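Please look over the sequence and the three-dimensional structure shown below before reading on. The paragraphs that follow lead from a single residue outward to sheets, cores and open spaces.

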Amino acid sequence: MSHPDRWDLIYKRDDLTVSELRDASTPDLGPGEVRLAVEKFGLTANNATYARFGESDIPFFDAFPGPEGYGRVPVWGHVRVEESRHPEIAVGERFFGYVPMSTHHVVAPQVTPRGFADGTPQRHFLHPWYWHFERAAEPDALDDRRTLIHPVYPAAYNLADMLQRQAEAGARTLVLTSASSKVAIGLAEEAAARALGLTTVAFTSERNAAFVGGLGLYDTVASYEDLASVSIEGPAVFVDLTGEATWRLAVAERFADKLVNTTLIGFTHPGAQVPPPPGLQGPAAEVFFTPAVEWAVAEAEGPENYYTRYDASERRFLESTTSWLTIEQAQGPEALAEVFGDLLAGKQPPDLGYVLRP
């Protein structure tokens, strides 16, 4: 199917089954502005979260609004400078950042040591983590994996810092839900690399149990339905990535007397919600907001030190994914709509990731 050279894929804000392709305008750039051509981006459960929470207290749809009643779903990806009226940003430079499901995106850069901050006020209701672009190297053998994983690995890496503190304080066990998610896998892999000495107990759906067990990262793998038959050794840390009240409550109740920490971070399931559900047992739940955590750690430690250790860990994890994660490429708005629809419906298998090119 033919489509315009410059387009926006928009979704109905109150019905994500409805999408439309719109011809995108190309306004002249103002002084200091830059037009980015979207090169490629990954699609993960993270993007489904942005869409589902688009009308919440963090209205992600407002970052890249569309016509009345519609919005452009945010994605993370690599971009190229196509046109520049900024003296320090050259045509052809490559960056990684937060952009809409579109072929192009206009920003107002304020140069930083690692790239630039987008000075467009419209997006400043979001944490600065979302409107900072990083300089990116030219593609290498891991580039598609980096496109897919780079937005979510900071959660795994910074959670590992939390786990390390808990292990040093005496924790013996890590209990994870949504164990097939990339954040959970990254967390388990980083915990193993740091030799934290924690026994890992992983919960997942029945259909993903064989895959999760085959990773060799978890000591115990069980389906949610088998929760009652699983025993753990305390003290234990519970990290929930489902966001679903049913499983948060069930796991916390089952292990309440063993838990010393409950951390809520993910929203992988369709019924996810941010606040801790009423009646959640065990220690008071902590909501882990990765942008704020990483921002604070980098500032306290010094950006150069933090990102040096982060980059080494991420590269190791990217290399490890070659043993279990297949990257599929697709191009064009029709393919994007199909892949995103499967993602929203929970149809994408955990050992498959998509990198889309407009």
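In which strand does Gly42 lie? Gly42 belongs to strand β3, which covers residues 34–43, and it should be kept in mind from the start that the model is a predicted one. Gly42 counts as buried because its relative accessible area is 5%, below the 20% under which a residue is called buried. Leaving out residues up to four places away in sequence, Gly42 touches Asn47, Val75, Trp76, Thr147, Leu148, Tyr354 and Val355. One of these, Tyr354, stands 312 residues from Gly42 along the chain, and yet the C-alpha atoms of the two are separated by 5.9 Å.

Gly42 also leads to an enclosed space. The count of cavities of 30 Å³ or more comes to one, and the largest cavity has a volume of about 50 Å³. Its lining is made up of Gly42, Leu43, Thr44, Asn46, Asn47, Trp76, Thr147, Leu148, Pro151 and Val152, and the elements that give two or more residues to this lining are β3, α1 and α2. Sorted by class, the lining of the largest cavity holds five nonpolar and five polar residues, with no charged residues.

Helix α1, which spans residues 45–52, deserves a look of its own. Its buried residues are Asn47, Ala48, Thr49, Tyr50 and Ala51, and what covers them includes the strands β2 (15–23), β3, β5 (74–84) and β6 (94–100), together with the helix α9 (333–344).

Strand β2, one of the elements that cover α1, is also part of a sheet. Three strands form this open sheet in the order β2-β1-β4, and their pairing is antiparallel. The edge strands are β2 and β4 (70–71), each of which pairs on one side only. Between β1 (residues 7–12) and β2 the antiparallel pairing runs over six bridges, and within that pairing Ile10 has Glu20 in β2 as its bridge partner.

What order do the strands take in the open sheet of six? Here the order is β13-β12-β11-β14-β15-β16, and the pairing is parallel. At the edges stand β13 (220–223) and β16 (286–287), each with a single partner strand, so one side of each is left without a neighbour in the sheet. The pairing of β12 (residues 199–204) with β13 is parallel and extends over four bridges, with Thr204 standing opposite Ser223 in β13.

Two strands of this sheet, β11 and β14, are also among the elements that contribute to the largest nonpolar core. That core has 45 residues, and those with the most contacts inside it are Leu159, Leu163, Leu176, Leu187, Tyr218 and Val239. The elements that give two or more residues to the core are α2 (143–149), α3 (153–168), β11 (173–176), α4 (182–193), α5 (209–214), β14 (236–240) and α8, and the largest share, nine residues, comes from α3. Tyr218 may serve as an example: apart from neighbours within four places in sequence, Tyr218 is in contact with Leu176, Ala179, Ala184, Ile185, Ala188, Thr200, Ala202 and Val212. A second, separate core of 31 residues includes Leu36, Met101, Ala330 and Leu343. In soluble globular proteins, nonpolar side chains tend to be buried together.

Helix α8, named above as a contributor to the largest core, appears again around an open space. The second largest pocket has a volume of about 470 Å³ and is lined by 21 residues, of which Arg114, His132, Glu134, Trp295 and Tyr307 lie nearest its centre. The elements that give two or more residues to this lining are β9 (115–118), β10 (132–135), α7 (290–301) and α8 (303–320), and the largest share, four residues, comes from α7. By class, the lining of the second largest pocket divides into 13 nonpolar, four polar and four charged residues.

Strand β9, which helps to line this pocket, is tied to the strand β8 (residues 109–112) by antiparallel pairing over four bridges. A hairpin of two residues joins β8 to β9, and Val111 has Phe116 in β9 as its bridge partner.

Note on methods. Residues numbered from 1 in each chain as written. Predicted model: local features only at pLDDT ≥ 70, side-chain atom pairs only at ≥ 80, totals over all residues. Heavy atoms only, no water. 1 Å grid on protein atoms, 1.4 Å probe; cavity = no way out; pocket = protein on both sides within 12 Å on 5 of 7 lines; lining within 4 Å. Points joined across faces, edges and corners; volume = space filled by probe spheres on them. Nonpolar A, V, L, I, M, F, W, Y, C, P; charged D, E, K, R; others polar. Buried < 20%, exposed > 50% of the residue type's maximum accessible area, 1.4 Å probe, protein only. Contact = heavy atoms within 4.5 Å. Pairing = 2+ DSSP bridges. Core = buried A, V, L, I, M, F, W, Y, C linked by side-chain atoms within 4.5 Å.
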